[in-house]
Amino acid sequence: MSELERVPPGVDPRVPSVARVYDYLLGGKDHLAVDRAFADKLLAVAPETRQVARANRLFLVRAVRHLARRGVRQFLDLGTGIPTSPSVHEVAREIVPDCRVVYVDYDPVVRLHSEVLLASSPGVEAVQADLREPGAILGDPRVTRLIDFSQPVGVLMVGILHFILDSEDPAGIIADFRTWMAPGSHLVLTHAMADSAPEAVAQLSTATAGTPAQSVFRTREEVLRLAEGFELIGPGLAPVHEWRIPDDDEYEPPIPLLEGVPAVRIDAAVGRVTSSPDSAEPARH
Ligand SMILES: C[S@@+](CC[C@H](N)C(=O)[O-])C[C@H]1O[C@@H](n2cnc3c(N)ncnc32)[C@H](O)[C@@H]1O
């Protein structure tokens, strides 16, 4: 069967999808010619992008383990991507066997794959929704059935925030989630940085302009502003391949292949909620 024939309804095979391009970079099997062509152009100007994608995923795994070890028993994974192993619930359940996870992504291909994968996993749910509509996510009964917002929750925004344009108010979106997050909750984020190599920024900006994959490379100050209201743990905002908590049980040295500055730089941060937002306004739950 040709690729065009097996594209699910609602998917335009002429437009690259972030989820499928990322799947290709990670060595997965769920991508189309248009995704591979897009990724190959990117790899031509930023050859280590595969390692950066892998490092982004490994950071997510380390952060989830870290949170689970510190008692977080539920996760909201926003911008899940096409399921890859280990997934968030697999990682967290090695430590908290009954942990609950809701996966959210707006891509129909992600939903199809997640539904198949999760059909036999109680305590795990996949929801097709758009991060730019936080109210719809936070009010979705499939989310509130599994996530108890009176308890600490890990909110993952890994590899997604640079797809939210300034005009779409990423800070406001994060603040909406923040008001629901009880003390002990954590925000886990990664973000494409403005001090990436100019030719890589230009390539990505041109190739994605006007598409759903349009990417915003933000400065360190801009990304730190997005995380305002959270207490950053470990090294603060740091390159994704270097982010570590030095005294963590899991400590492993930074990925040697990525020493130095990659052309596409992705930074990571984990921020803890230490009190209810404004002591005047307790977390909504
Ligand atoms: C680069 S992948 C990251 C996957 C995973 N979080 C990781 O870091 O391994 C970004 C994912 O975010 C999803 N995404 C992008 N914008 C979104 C939005 N506004 N709402 C929901 N999902 C979105 C894409 O479909 C894609 O699956």
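User: Let's start with one residue: in which loop is the place of I147?

Analyst: Keep in mind that this is a predicted model. Two elements frame the spot: α7 covers residues 141-146 and β4 covers residues 154-157. The place of I147 is in the loop between α7 and β4.

User: Is I147 buried or exposed?

Analyst: A residue counts as buried when its relative accessible area is under 20%. I147 has a relative accessible area of 2%, so I147 is buried.

User: Which residues does I147 touch, not counting residues up to four places away in sequence?

Analyst: The chain brings distant parts together here: I147 and R100 are 47 residues apart in sequence, and their C-alpha atoms are 7.2 Å apart in space. Leaving out residues up to four places away in sequence, the ones that I147 touches are Q74, F75, V102 and V153.

User: Now to the start of the chain. Where does P8 lie, and is P8 buried or exposed?

Analyst: P8 lies in the segment before α1. With the cut-off for buried at under 20%, a relative accessibility of 18% makes P8 count as buried.

User: How far apart in space are P8 and P108, C-alpha to C-alpha?

Analyst: In sequence, P8 and P108 are 100 residues apart. P8 is also in contact with V109 and L112, leaving aside its neighbours within four places in sequence. From C-alpha to C-alpha, the distance in space between P8 and P108 is 7.9 Å.

User: Why do the buried residues of α5 line one face of the helix?

Analyst: Helix α5 spans residues 108-118, and its buried residues are V109, V110, S114 and L118. Looking down the axis of α5, these buried residues line one face because they fall within an arc of 140°.

User: What covers the buried residues of α5?

Analyst: At the start of α5, a side-chain oxygen of D107 comes within 2.7 Å of the backbone nitrogen of V109. V109 is one of the buried residues of the helix. The cover over those buried residues includes α1, α4, β2 and β3.

User: On to α9. Which of its residues are buried, and which are exposed on the other side?

Analyst: Helix α9 runs through residues 198-208, and its buried residues are A200, V201, L204 and T208. They span an arc of only 100° around the axis, so they sit on the same side of α9. On the other side of α9, the exposed residues are P198 and T206.

User: Which helix do the buried residues of α9 pack against, and which residue with a positive phi follows α9?

Analyst: The packing partner of the buried residues of α9 is α2, which covers residues 33-45. After α9 comes a residue whose phi is positive, near 80°, and that residue is G210.

User: Which backbone atoms lie 2.7 Å and 2.8 Å from a polar atom of the side chain of S196?

Analyst: S196 is found in the loop between β5 and α9, and it counts as buried at 5% relative accessibility. Not counting residues up to four places away in sequence, S196 touches V201, F217, A263, V264 and R265. At 2.7 Å from a polar atom of its side chain is the backbone oxygen of M193, and at 2.8 Å is the backbone nitrogen of R265.

User: Let's turn to the ligand. How much of its exposed area does the protein bury?

Analyst: Some polar atoms lie within 3.5 Å of the ligand. A ligand oxygen is 2.9 Å from a polar side-chain atom of N56, and a ligand nitrogen is 2.6 Å from a polar backbone atom of G79. An oxygen of the ligand is also 2.6 Å from an N or O atom in the side chain of D105. Taken alone, the ligand exposes 600 Å², and the share that the protein buries is 97%.

User: Which of the residues around the ligand come nearest?

Analyst: The shell around the ligand has 10 nonpolar, five polar and five charged residues. Helices α1 and α3 each supply at least two residues of that shell. Of the 20 residues around the ligand, the ones that come nearest are Y22, R57, G79, D105 and V158.

User: Finally, how many helices and strands does the protein have?

Analyst: Of the 285 residues of the protein, 52% count as buried. Among contacts with a separation of 6 or more, 75% come from residues 24 or more positions apart. The secondary structure comes to 10 helices and eight strands.

Notes. Residues numbered from 1 in each chain as written. Predicted model: local features only at pLDDT ≥ 70, side-chain atom pairs only at ≥ 80, totals over all residues. Heavy atoms only, no water. Near = heavy atom within 4 Å. Polar contact = N/O pair within 3.5 Å; in protein donor to acceptor, adjacent residues only side chain to side chain. Areas by Shrake-Rupley, 256 points an atom, 1.4 Å probe, with all protein chains shown as cover. Helix = DSSP H or I, 4+ residues; strand = E, 2+ residues; numbered from the N terminus. Nonpolar A, V, L, I, M, F, W, Y, C, P; charged D, E, K, R; others polar. Buried < 20%, exposed > 50% of the residue type's maximum accessible area, 1.4 Å probe, protein only. Arc of directions from axis to C-beta. Contact = heavy atoms within 4.5 Å.
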